[in-house]
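Reader: I should like to learn how descriptive terms are justified for a protein model. May I put some questions to you?

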Amino acid sequence: SETTQAAVARWEEEKRLQKRIEGLKRKIESQSASADNHEKQMKRAQDTIAELSKERSTLTSKVRSQAAQLSKVGATEGATSALRSEISRLNEELLLVEGENERLKKETSVNLRRQVEELSQQLREAQRGGGGS
């Protein structure tokens, strides 16, 4: 009968929609897990940046202290040379730490932008997929 055919068609349509909803739910769960993973990576990078900034401050203090010692001490030429050598070494180490710090800041910024773009794209796709059928 016509009523039975309409009921079967509605049932089939509901089943099709239910499968689509389940697929979208799985996709959202996957994207949420991915976002959580990205957040953890970002937190680790931020912690590393904080560590490097602290190390940079420590090295800067050491350099200043060594420079102050050098200027105050009427040291022998050998001691002066050793202090200059240490200051030079600390300055080089400071430059390396600053470079690593900048690299990590840029990498974190790029990763965050990429993640936001990816998640936005996935959200747009999920919204199109959910609303279009």
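Author: The exchange below takes up the overall form, then the core, then single residues. The model under discussion is a predicted one.

Reader: What makes up the secondary structure of the protein, in helices and strands?

Author: The protein contains two helices and zero strands. Helix 1 covers 2–72 and helix 2 covers 77–132.

Reader: Why is the protein called more spread out than a compact globule?

Author: The globule rule gives 14 Å for 133 residues, whereas the radius of gyration of the protein is 30 Å. The second value is well over the first, so the protein is described as more spread out than a compact globule. The C-alpha trace may be set beside this: along the principal axes it spans about 110 × 15 × 15 Å.

Reader: How much of the protein counts as buried, and how much area does the protein expose?

Author: A residue is buried when its relative accessible area is under 20%. Of the 133 residues, 17% count as buried. The exposed area of the protein is about 10000 Å², and carbon and sulfur atoms supply 52% of that area.

Reader: What is known of the contacts between residues at least 6 apart in sequence?

Author: Of these contacts, 80% join residues at least 24 apart in sequence.

Reader: How far apart are the mean positions of the positive and negative charges?

Author: The protein has 25 positive and 22 negative charges, and their mean positions are 2 Å apart.

Reader: Which residues form the largest nonpolar core?

Author: This core has eleven residues, namely I49, L52, L59, V63, L70, L83, I87, L90, L94, V97 and L104. Helix 1 and helix 2 each supply at least two of them. Helix 2 gives the most, with six residues. One core member, V63, touches I87, L90 and N91, when residues up to four places away in sequence are left aside.

Reader: Why is Q66 called buried?

Author: The relative accessibility of Q66 is 19%, and buried means under 20%, so Q66 counts as buried. Q66 is located in helix 1. Beyond residues up to four places away in sequence, Q66 touches L83, E86, I87 and L90.

Reader: How do you know that N101 is buried?

Author: N101 has 0% relative accessibility; the limit for buried is under 20%, and N101 therefore meets it. N101 belongs to helix 2. With residues up to four places away in sequence not counted, N101 touches I49, L52, S53 and R56.

Reader: Is T80 buried or exposed?

Author: T80 has a relative accessible area of 13%, which is under 20%, so T80 is buried. T80 has its place in helix 2. The C-alpha atoms of T80 and L70 are separated by 6.5 Å, and the two residues are ten residues apart along the chain.

Reader: Why is K25 called partly exposed?

Author: Exposed requires over 50% and buried requires under 20%, with partly exposed in between. K25 has a relative accessibility of 49%, so K25 counts as partly exposed. K25 lies in helix 1. Between K25 and I87, which are 62 residues apart along the chain, the C-alpha separation is 59 Å.

Reader: What makes E107 partly exposed?

Author: The relative accessible area of E107 is 36%, which lies between the limits of 20% and 50%, so E107 is partly exposed. E107 is part of helix 2.

Reader: How far apart are E107 and A45 in sequence and in space?

Author: E107 and A45 are 62 residues apart in sequence, and their C-alpha atoms are 8.7 Å apart in space.

Note on methods:
Residues numbered from 1 in each chain as written. Predicted model: local features only at pLDDT ≥ 70, side-chain atom pairs only at ≥ 80, totals over all residues. Heavy atoms only, no water. Helix = DSSP H or I, 4+ residues; strand = E, 2+ residues; numbered from the N terminus. Rg over C-alpha atoms; globule rule 2.2 N^0.38 Å. Buried < 20%, exposed > 50% of the residue type's maximum accessible area, 1.4 Å probe, protein only. Contact = heavy atoms within 4.5 Å. Areas by Shrake-Rupley, 256 points an atom, 1.4 Å probe, with all protein chains shown as cover. Lys, Arg positive; Asp, Glu negative; His and termini not counted. Charge placed at Lys NZ, Arg CZ, Asp CG, Glu CD. Core = buried A, V, L, I, M, F, W, Y, C linked by side-chain atoms within 4.5 Å.
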